[in-house]
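Me: Could you take one part of this model for a close look and then carry on to a neighbouring topic? Please give the cut-offs behind each term as you go.

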Amino acid sequence: MANFANSTLLVTGASGHLGRKAVESLLARGAKRVVAMTRSPDKLRDLAAKGVEVRAGSFDEPASLDAAFKGIDRLLLISTDAVGVPGGRKAQHIRGIDAAERAGVGYIAYTSLTAPYPSANPASVVPDDHFWTEARLAAGKADWSSLRNNLYTEGILQSAGAAIASGKLYHAQGTAGRASVAHDDAAEAAAGALLLGESKRIYDVGGPAAVTQAEVAAILSGLSGRSIEAVALSGEDFRAGLRAAGVPEAFVGIAAQFDIDTAQGYHAIVTDAVEQLTGRKPRSVEDVLAANAAKLAA
């Protein structure tokens, strides 16, 4: 496997958690020329002090992308945060790929989603955005890799507090498992793709096992000392519960659809992609939750 540590490598969204961690991982793994793109360069002064070149760029301003991507060999395109804007995220990604091609970037690694699919259902906007971004990559001039990240394991923390307090972990995942991935594992795998990734390759980036909600409840029970039961709901009832919990309406359908897709087996894919790209095995759900035991106690 080739190593591109001497190439000029750019990470978009570098002021976000995933992007920042990817940049730090590149430095730790010996990358010599690292460029970090962000809408807020002031947030990356610490990385600039470590020798990272910081460039301003916005996916809503094509001219800024042309400048940011100039001279770049390999690009990590981190999917943007414009999830609540219909069609906005997909358009941003395609602008980024267009700009990369204009700049002559030879390779693009893109952070996608496990099992993306096309859909006109607003609740499925996330897999739809990723599906069409991947289609644009496949039709493009640059070599590419798709990093199909499973849902982040840390997302369990959002519902863990209520589950511990009530003794009920509500979900719409049925009896299927989800091979969720630790956030830092996904970031380090993304850095690995820039350094080692092969062209025209799909990497399913996930955890070591497809874990059911009953198993998550058991882990939370062990960590909290409280008895917690997983309660499977229909999609409709789960959406109603999310609304009652105060989840913004724009995200109720999206969150519920993730569970429904999990119930259909979409998120149960287990591979060795994290180990291939980082050199170590991925963290388990229990590892991540145990590392956040203080948050669970609070």
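Reply: Helices (H or I, at least four residues) and strands (E, at least two) are DSSP runs numbered from the N terminus. The model is predicted, so local features need pLDDT of at least 70 and side-chain atom pairs pLDDT 80 or more, while totals for chains, interfaces and linings use all residues. Residues are numbered from 1 along each chain, and side-chain values use heavy atoms, without hydrogens or water.

The second largest pocket (an open set of 1 Å grid points where a 1.4 Å probe fits, with protein on both sides within 12 Å along at least five of seven lines) has a volume, the space filled by probe spheres set on its points, of about 170 Å³. Its lining (residues with an atom within 4 Å of a point) includes Val 83, Gly 84, Pro 122, Glu 249 and Ile 254, and helix α10, residues 249-263, gives the most to this lining, with 4 residues. The lining divides into 8 nonpolar, 3 polar and 1 charged residues, where Gly counts as polar and Glu as charged.

Turning to helix α8, residues 213-224, its 12 residues should span 16 Å at 1.5 Å a residue (times one less than their number), and because its end C-alpha atoms are 16 Å apart, the two values agree. The buried residues of α8 (under 20% relative accessible area, 1.4 Å probe, protein chains only) are Gln 213, Val 216, Ala 217, Ile 219, Leu 220 and Ser 221. These buried residues pack against (heavy atoms within 4.5 Å) α6, β7, β9, α12 and α13, and α8 is followed by Gly 225, with a positive phi near 75°.

Terms used. Buried < 20%, exposed > 50% of the residue type's maximum accessible area, 1.4 Å probe, protein only.
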